[in-house]
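Me: I have this model open beside its sequence and would love a close look at one part of it. Could you pick a single spot, walk me through it, and then link it to the rest of the chain?

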Amino acid sequence: MKKIVNLSLITLGVTFLSGQTREDSLQFNKISTEILNNGKGYNELHELTKTIGHRLSGSEAYEKSVKWAEQKLRDAGADKVWLQEVMIPVWVRGKESLHIKASNGTWKNLKMLSLGNSEGTGGKDVSGEIIMVKSLEEYDLLPAEKVKDKIVFFNYPFNQGHVQTFIAYREAGAYRRTAASLTAKKGGKFAIIRSLSSAFDDVPHTGNMRYDDNISKVPAVTIGNTTADELETLLRSQKITAKLNSNCGMKGEKLSHSVIGEITGKKDRSVIVVGGHLDSWDVGEGAHDDGAGIVQSIEVIRTFKKLGVQNNHTIRAVCFANEENGTKGGKQYGKTAKESNEKHLFAIESDAGGFSPRGISLEMDDAKRNQIKSWVNLFLPYGVYNFEGKYSGSDIAPLHEMGVPTAELVPDPQRYFDIHHTAEDTFEKVNRRELLLGATVMTQLIYMIDKNW
């Protein structure tokens with residue numbers, strides 16, 4: 001019998017075969033076997049995306065997803081499920097269109113999306129000549145008289161040279177966030193940005209933007225990569241006029257909820273959090289962003305209960321509200337935890353897609369980091385090797401600010417920004433095994449944290 005166990009562990013690629021490591025390896029295998037064979041996450045993601053669809057904060061669809069998540073946590077076996085009240089911003093897209101016209105030409109319709117939280121044109125046509133800049137530095141050098149009454153096209157391409165695509169996303173993100181206010185400061189009418197996209201296609205990517213205080217709120221829209229290339233070519237040879245008509249805008253706030261479920265700790269009520277965000281943008285189905293993180297978090301609860309793992313600490317799955325255009329759910333969760341003086345031991349978020357897990361990013365002190373990194377051989381058989389990142393998700397940032405060690409699941413990043421914040425983010429883009437492997441790794445990590453901290 002001993003030889004059979006050892007052979008199994010060698011097959012898994014585990015080099016430590018004694019003491020707790022043998023026990024942990026066997027538990028890792030049990031977790032993986034259960035989730036890959038019997039995991040509910042893929043079917044639940046199908047239900048979430050196909051019966052509810054995209055779930056923008058403040059929408060009727062988001063409220064349906066709250067009820068859905070509440071029931072799924074109960075079905076998973078959570079000892080306690082509740083809704084946490086949170087005031088969320090309400091932004092509505094409405095009808096929108098963008099046209100361009102070359103000198104002595106006819107108007108041509110462009111595929112576009114208004115950026116999230118952008119104000120629109122009030123349903124009126126706003127037009128003007130387009131000027132193009134390739135960088136923020138180039139824009140800073142333009143005098144205000146060159147920008148006044150113009151439309152500014154920020155044509156900064158996603159840097160394909162970065163192997164880690166999140167670095168390219170972070171660099172390009174500055175344009176999405178600031179383009180509208182930068183344009184308004186110099187008297188421009190509205191901003192167009194090149195999408196934050198790694199794909200070579202004509203799909204526009206939306207996402208959150210913000211306005212500086214005491215600055216006019218001019219619109220900001222995004223176009224896909226091939227449209228951006230075509231527009232650049234035109235602008236290098238002739239004058240181009242753009243015309244925008246949009247009805248988007250903020251509609252105040254409303255009371256909504258994050259959804260929380262937990263299994264009570266058997267020895268200690270200190271909390272270990274696993275979570276994702278329940279909301280999505282109002283295009284596509286929010287499958288990778290972040291339906292994947294939601295069903296993976298629920299899967300952690302289900303697996304602990306199904307395998308009868310006696311958790312020492314309380315394990316809590318949180319389906320956060322309003323991550324996309326306000327992070328109000330994460331902020332409210334952190335505020336409530338602080339006010340109630342509730343001790344949190346650890347928190348991990350999955351918000352980088354449902355692709356194959358490749359690592360876990362650790363935002364914590366060196367002692368905790370090194371302890372988790374010492375478990376690397378347990379994770380290697382599951383394709384997880386990268387523990388070098390030092391960041392974690394935005395929803396759990398308030399917990400990190402309170403001194404809680406935080407982490408983020410790191411899936412393979414190469415395809416994520418092809419579909420991120422687009423109509424292409426659908427259930428069909430998610431692979432069952434990849435999704436469930438992510439849930440497996442999160443469950444394994446939480447098992448180790450619960451046992452050793």
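**A close look around P89**

Reply: Happy to. Leaving aside neighbours within four places in sequence, P89 is in contact with S57, M250, G252, E253, N322, N325 and K328. Please keep in mind that this is a predicted model.

Let's stay with this proline for a moment. P89 sits in strand β1, which covers residues 80–92. Is P89 buried or exposed? Its relative accessible area is 8%, and buried means under 20%, so P89 is buried. One of its contacts is E253, and that pair is worth finding on your screen: P89 and E253 are 164 residues apart along the chain, yet their C-alpha atoms are separated by 4.4 Å.

Another contact of P89 is N322, a residue with a story of its own. N322 belongs to the loop between β12 (314–320) and α10 (328–339). K328, also among the contacts of P89, carries the number at which α10 begins in that description. How accessible is N322? The relative accessible area of N322 is 0%, so this asparagine is buried. Its backbone deserves a look as well: phi of N322 is near 60°, a positive value in a residue other than glycine. Most residues other than glycine have a negative phi, and most peptide bonds are trans.

With that background, two further places in the chain are easy to pick out. N117 also has a positive phi, about 75°, although N117 is not a glycine. You will find N117 in the loop between β4 (113–114) and β5 (126–133). N117 counts as buried because its relative accessibility is 13%. The other place concerns a peptide bond: the one joining D289 and D290 is cis, with omega at about 5°. D290 lies in helix α9, residues 287–307.

From P89 we can move on to other positions where parts of the sequence meet. Take L235, in helix α8 (residues 225–235). Outside its neighbours up to four places away in sequence, L235 touches I130, M132, F153 and I240. L235 and I130 are 105 residues apart along the chain, and their C-alpha atoms are separated by 8.0 Å. With a relative accessible area of 17%, L235 is buried.

Next, turn to D24 in helix α2, which runs over residues 19–38. D24 carries a charge, and yet its relative accessibility is 5%, so D24 counts as buried. Not counting residues up to four places away in sequence, D24 touches L378, Y447, M448 and K451.

Helix α15 covers residues 432–452, and L437 is found there. L437 touches L36 and P357, again without residues up to four places away in sequence. At 17% relative accessibility, L437 counts as buried. For a sense of distance, L437 and G276 are 161 residues apart in sequence and 16 Å apart in space, C-alpha to C-alpha.

Now zoom out to the whole chain. It contains 15 helices and 15 strands. Of the contacts with a separation of 6 or more, 82% are between residues 24 or more positions apart; P89 and E253 give you one example of such a pair. Buried residues make up 58% of the 453 residues.

How does the overall size compare with a compact globule? For 453 residues, a compact globule would have a radius of gyration near 22 Å, and the chain's 24 Å agrees with that. Along its principal axes, the C-alpha trace spans about 85 × 45 × 40 Å. The accessible surface comes to about 18,500 Å², and carbon and sulfur atoms account for 50% of it. As for charge, there are 58 positive and 57 negative charges, and their mean positions are 1 Å apart.

Since you work at the bench, cysteines may interest you too. A disulfide is a covalent bond between the sulfur atoms of two cysteines. How many disulfides does the structure hold? The number is 0. Two cysteines to look up are C248 and C319: C248 is buried because its relative accessibility is 6%, and C319 is buried, with a relative accessible area of 0%.

To return to where we began, P89 is a buried residue of strand β1, and its contacts include M250, G252 and E253 as well as N322 and N325.

Key: Residues numbered from 1 in each chain as written. Predicted model: local features only at pLDDT ≥ 70, side-chain atom pairs only at ≥ 80, totals over all residues. Heavy atoms only, no water. Helix = DSSP H or I, 4+ residues; strand = E, 2+ residues; numbered from the N terminus. Rg over C-alpha atoms; globule rule 2.2 N^0.38 Å. Buried < 20%, exposed > 50% of the residue type's maximum accessible area, 1.4 Å probe, protein only. Contact = heavy atoms within 4.5 Å. Areas by Shrake-Rupley, 256 points an atom, 1.4 Å probe, with all protein chains shown as cover. Charge placed at Lys NZ, Arg CZ, Asp CG, Glu CD. Disulfide = S-S within 2.5 Å.
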